[in-house]
Structure formats: structure tokens, C-alpha cells
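Here is a short, friendly tour of the cysteines and the nonpolar core in this protein. Please have the sequence and the 3D view open as you read.

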Amino acid sequence: MGKEETKAQASPRSASQAGQERNGEPGGAAMKAKEGHGDPPAGRREEAPTCCGCRFPLLAALSQLALGASVSVLGFLMAGISSSLLVRDTPYWAGILVCVVALLGLVMLCVSYQPDEKTCVQFAIKVAYFLLSALSLIVCVLAVAFAAYCYSQITQFTCETITEACQCKLETVDPLSRTFMYKNVSNCTDITNTFNLYLLIQIVLNVLAAIVGFTVCFVMWKDRYQVFYVGIWLQSLTTTEVQQQKV
């Protein structure tokens with residue numbers, strides 16, 4: 001008799017739990033949560049692409065900022081060696097452009113992410129970042145070409161110091177050979193050694209900046225119709241997506 005009474009008492013409880021599960025009360029939800037405890041939330045399946053532990057736009061923007069600042073500082077140092085140096089031989093302009101592109105990339109990260117590019121600001125910044133990155137690629141390649149040409153000339157120079165100036169010739173045998181005059185130079189070694197070394201460093205830095213710019217353009221073009229996140233992913237969007245999928 002005792003066993004039958006306990007079974008009779010247990011049956012209403014099970015019936016009430018079944019009713020709660022049918023009505024969608026917390027009892028059924030708890031069971032479903034336990035069953036799907038190991039599954040990741042559906043709203044977090046698509047995450048921003050990462051590279052070396054951080055998101056790609058952040059890494060690219062920081063790299064462009066570092067390279068652009070280095071090229072700019074070195075270009076101004078080169079311009080301070082002599083007042084006769086051409087603008088094309090002191091490519092600080094390339095570094096300034098790369099810095100502007102990097103700052104635009106950092107601004108792009110601060111724009112709140114909206115799916116499918118629903119905001120005009122996000123789309124405009126993204127297009128501007130792509131176009132300026134392509135422009136910085138072309139400018140850095142030009143800077144490399146100018147620096148390489150100037151370096152090849154300086155290696156063939158024969159120079160002599162003349163009253164706070166350095167006079168250099170390509171061919172000393174030919175009296176009609178082209179002569180280069182660098183003013184406000186105390187010693188010709190500033191041109192043949194120091195300036196020559198700066199040119200080599202400029203070539204390396206501008207090549208790296210061009211590679212970064214090409215990488216940015218390639219990735220943004222490749223992922224144009226794929227998942228490429230820009231800006232900060234709002235937590236509210238992910239929570240609403242999870243709630244909609246649960247419903």
C-alpha cells in the first residue's frame with residue numbers, strides 16, 4: 001500500500017512538470033539549457049577575423065601608422081642635410097599620406113558595426129580607407145623608385161667641398177658631365193655616406209608600407225562579398241539575434 005501511495009503522489013508532480021514544459025515555463029527551458037549547454041550561441045558563430053591575436057583592420061592601421069611616422073621623420077631628417085635636395089629625394093610626403101590612411105583606419109574601428117553596411121558613415125569610411133590605401137601603395141612605390149634612382153647616382157659621385165657646399169660630378173673625365181651642387185653642407189660625407197644610408201632605409205620602409213597597403217586592398221576587395229567586420233560589434237545586436245533564434 002505504501003508503494004502505491006508514493007507512486008500516486010509522484011504522478012501528479014510529473015504531470016505538472018509536463019504541463020509546465022508544454023506551456024513553455026522555466027522547467028522545460030532549464031532542461032533544454034542543460035541539453036544544449038555545450039553548444040556555442042548562434043549569435044557568436046560569426047566573429048571578426050583576427051590576425052596575430054587582434055582584428056585585421058587594427059593590425060593594419062597600427063602598422064601603417066608606425067611605418068608612416070618612420071618615413072616622415074626620416075624624410076625631414078634627410079631634408080635637413082642640405083637645402084638643395086629635391087622634394088622627390090626626401091619622401092616625407094609619402095609618410096604623411098600613410099599616417100593619414102592609418103588614422104582613417106583607426107577611425108573606422110571606432111564606428112559601431114552594422115550588418116550589411118546599413119549606415120552611410122560606415123560605408124563611406126570603408127570606401128575612403130580602401131581608396132587611400134591604394135593611393136598610398138602607388139605613392140610608396142614612387143618613393144622607392146625616386147630613392148633607388150638617387151642612390152644609384154650618389155654611388156657614382158665624385159665630390160669635393162667648396163665653401164659650405166658640396167660639388168659632385170658623375171664623370172670627372174668629361175668636363176661637360178652633369179654637376180650636382182649641395183648647399184649648406186659642411187662635409188661631403190654627409191651626402192656620400194649619411195644621405196646614402198638614409199636612402200637605403202627609406203627604400204626598405206617604403207617597400208614595407210607598400211606591402212601593407214597592398215594587403216589592405218587585397219583583403220578588403222576579397223572579402224567585399226564575404227564577412228569583413230568593421231568597427232565595434234555591439235553586444236545588444238548579438239543578444240537580440242540569440243533571442244530571435246530561440247523564439
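How many disulfides does the count come to? The count comes to two disulfides, where a disulfide is a pair of cysteine sulfur atoms within 2.5 Å. A disulfide is a covalent bond between the sulfur atoms of two cysteines.

Before going on, a word on the basis of these values. This is a predicted model, in which local features need pLDDT of at least 70, side-chain atom pairs count only at pLDDT 80 or more, and totals for chains, interfaces and linings use all residues. Residues are numbered from 1 along each chain as its sequence is written, and side-chain values use heavy atoms, with hydrogens and water left out.

**The two links**

| Disulfide | Distance between sulfur atoms | Angle about the S-S bond |
|---|---|---|
| C159 and C168 | 2.1 Å | 110 degrees |
| C166 and C188 | 2.3 Å | 120 degrees |

The link of C159 and C168 is right-handed, and the link of C166 and C188 is right-handed too. This second pair joins distant parts of the chain, 22 residues apart: C166 lies in strand 4 (residues 165-169), and C188 lies in the loop between strand 5 (179-183) and helix 6 (189-222). Helices (H or I, at least four residues) and strands (E, at least two) are DSSP runs, numbered from the N terminus. With the bonded cysteines of the protein chain numbered in sequence order, the pairing reads 1-3, 2-4.

**Buried or exposed?**

Buried means under 20% relative accessible area, exposed over 50%, and partly exposed in between (1.4 Å probe, protein chains only). C159 is partly exposed, because its relative accessibility is 25%. Its partner C168 is buried, at 0%. In the other link, C166 is buried at 0% and C188 is buried at 7%. Two further cysteines can be placed in the same way: C150 is buried at 5%, and C217 counts as buried at 11%.

**The nonpolar core**

A nonpolar core is a set of buried Ala, Val, Leu, Ile, Met, Phe, Trp, Tyr and Cys residues joined through side-chain atoms within 4.5 Å. The largest one has 39 residues, of which Y129, I154, Y182, F195 and L199 touch the most other members. Helix 3 (56-79), helix 4 (92-110), helix 5 (120-154), strand 4, strand 5 and helix 6 are the elements that give two or more residues to this core. Helix 6 gives the most, with ten residues.

Which residues does L199 contact, leaving aside its neighbours within four places in sequence? They are M78, D89, A147, C150, Y151 and I154, where contact means heavy atoms within 4.5 Å.
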